[in-house]
Amino acid sequence: MQMTMRWFGTGYDSVTLQQIRQVPGVTGVITTLYGTRPGEAWELKDILALKKEVEDAGLKIAGIESVNIHDAIKTGHPDRDKYIDNYIATLERLGQADIRLICYNFMPVFDWTRSDLAKVRPDGSTVLSYNQKIIDQIDPNNMRALLEKQANGFVLPGWEPERIAKLKELFAMYQDVDEDKLFENFVYFLQRIMPTCDKYRIDMAIHPDDPAWPVFGLPRIITGKEKIQRFLKAVDNPHNGLTLCTGSLGSNPKNDIPDVIRACKGRIHFAHIRNLKHNAPGDFEEAAHLSSDGSMDMFAIMKALYDTGFDGVIRPDHGRAIWGEVSMPGYGLYDRALGCAYLNGLWEALSKTDKR
Ligand SMILES: [Mn+2]
């Protein structure tokens with residue numbers, strides 16, 4: 001297990017590499033070329049410059065989150081092969097830079113959805129939260145403005161202004177794309193990129209849909225165990241794997257996360273670990289990582305990872321905003337560092353108990 005933190009890059013993140021370097025047990029970052037747009041082929045020189053910046057700070061690039069997928073690929077538009085070629089060029093250059101883990105998602109239009117980015121909890125901390133009743137009353141065209149107002153001036157991942165500005169066109173592109181079509185387009189994409197992944201030993205780790213059900217009438221294909229097993233089987237290559245995101249899968253309390261972990265043994269390349277508190281069906285808020293602060297058994301989750309021999313990359317996921325820190329919502333230093341310490345503690349206890 002390699003403990004990391006997500007870092008959005010100089011100029012985009014309030015947290016510095018030097019700060020991350022001081023979090024005990026953290027040896028790498030998960031990062032991206034945040035200024036690139038979905039569909040663009042990344043330049044090797046930009047990748048190498050990012051790598052040098054991270055390594056100069058005493059850390060490693062443990063993986064990329066995300067290399068985003070152009071909507072033409074997701075919708076199966078006649079242009080898709082051009083964008084897949086660009087994606088392959090990006091993978092080759094990342095492989096040449098010795099970067100072998102890619103997180104991405106296959107969600108239509110919106111990367112992730114929340115109804116509030118700063119819900120106040122009883123202890124005064126603020127968290128991202130989701131309430132289906134609120135979402136049902138929101139016109140998706142107003143979603144960006146609503147989130148931007150609470151983004152503390154940061155560009156939110158997956159909500160790139162240039163892309164979301166064309167929301168009407170985006171929705172039109174997905175008009176005839178149902179769940180089966182989206183899945184078919186997903187498999188087409190995977191089959192085309194797998195030879196490059198084989199060549200460079202790159203692990204693709206799809207991020208589950210967040211939340212784990214259709215939003216704004218758009219289809220979702222990575223929402224639970226059966227659907228995860230369906231795509232793993234459809235392209236049965238070890239480089240075709242999963243990002244186990246407890247917060248996204250756990251948004252549906254019916255998802256038994258330790259069971260998903262055991263069912264996907266060997267195919268989980270990356271883990272996002274965070275806790276949620278369920279208030280009512282379709283109504284949840286993010287919590288501190290500690291089990292007792294939310295609805296998830298974090299020990300059971302870490303134990304399932306440990307027992308299945310997980311040796312991939314892990315990171316605490318969203319944290320609460322605490323101690324007056326101002327950051328991109330969910331991505332402050334303090335609570336995520338507490339998350340690292342807690343998850344490292346669970347892991348040390350699991351491994352030492354095992355050895356005795
Ligand atoms: Mn996640």
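This passage walks through the predicted model, from its overall build to its barrel, one of its helices and a loop residue.

In overall terms, the predicted chain holds 14 helices and 12 strands. Its C-alpha trace extends over about 55 × 45 × 40 Å along the principal axes. For a compact globule of 356 residues a radius of gyration near 21 Å would be expected, and the value of 19 Å found for the chain agrees with this. Of these 356 residues, 44% are buried. Contacts also reach far along the sequence: taking those between residues at least 6 apart, 75% link residues at least 24 apart.

The strands give the model a clear centrepiece to start from. Eight of them form a closed barrel in the order E1-E2-E3-E4-E7-E8-E9-E12, and their pairing is parallel. Neighbouring strands in this sheet are turned against each other by 30 degrees on average, direction ignored. A look at individual pairs helps to place residues within the barrel. Strand E3, residues 60-65, runs parallel to strand E4, residues 101-104, and two bridges join them; here Glu65 lies opposite Cys103 of E4.

Further along the barrel, strand E9 is paired on both counts with parallel partners: four bridges connect strand E8 (residues 240-245) to E9, and four bridges connect E9 to strand E12 (residues 313-316). Cys245 faces His272 of E9, while Phe270 has Val313 in E12 as its bridge partner. How much of E9 is covered? Six of its six residues are buried.

Helix H13, spanning residues 298-307, offers a good view of how a helix is laid against its surroundings. Its buried residues are Met298, Ile301, Met302, Ala304 and Leu305. Viewed down the helix axis, the buried residues of H13 fall within an arc of 155 degrees, so they line one face of the helix. The general geometry is helpful here: an α-helix has 3.6 residues a turn, so residues three or four places apart point the same way. The partners of this buried set are helix H11 (246-249), helix H12 (257-263), strand E9 (268-273), strand E10 (275-280) and helix H14 (334-355). H13 thus packs against E9, itself a strand of the barrel. After H13 comes Gly309, with a positive phi near 75 degrees.

Ile301 of this helix also appears in the largest nonpolar core, which has 85 residues. The residues with the most contacts inside that core are Ile20, Val29, Ala205, Ala271 and Ile301. Ile20 gives an example of the packing: setting aside residues up to four places away in sequence, Ile20 touches Met5, Trp7, Val15, Val26, Val29 and Leu59. In soluble globular proteins, nonpolar side chains tend to be buried together.

A contrasting setting is found at Asp111, located in the loop between E4 and strand E5 (116-120). Is Asp111 buried or partly exposed? With 19 other C-beta atoms within 10 Å, Asp111 counts as partly exposed, because the cut-off for a buried residue is 20 or more. Beyond its neighbours within four places in sequence, Asp111 contacts Asn105, Pro157, Gly158 and Trp159. For Gly158, 47 residues from Asp111 along the chain, the separation between the two C-alpha atoms is 5.0 Å.

Conventions:
Residues numbered from 1 in each chain as written. Predicted model: local features only at pLDDT ≥ 70, side-chain atom pairs only at ≥ 80, totals over all residues. Pairing = 2+ DSSP bridges. Axes fitted to C-alpha atoms, helices over the stretch in contact; angles between N-to-C directions. Buried ≥ 20, exposed ≤ 12 C-beta atoms within 10 Å, placed from the backbone. Arc of directions from axis to C-beta. Contact = placed C-beta atoms within 7 Å. Rg over C-alpha atoms; globule rule 2.2 N^0.38 Å. Core = buried A, V, L, I, M, F, W, Y, C linked by C-beta atoms within 7 Å.
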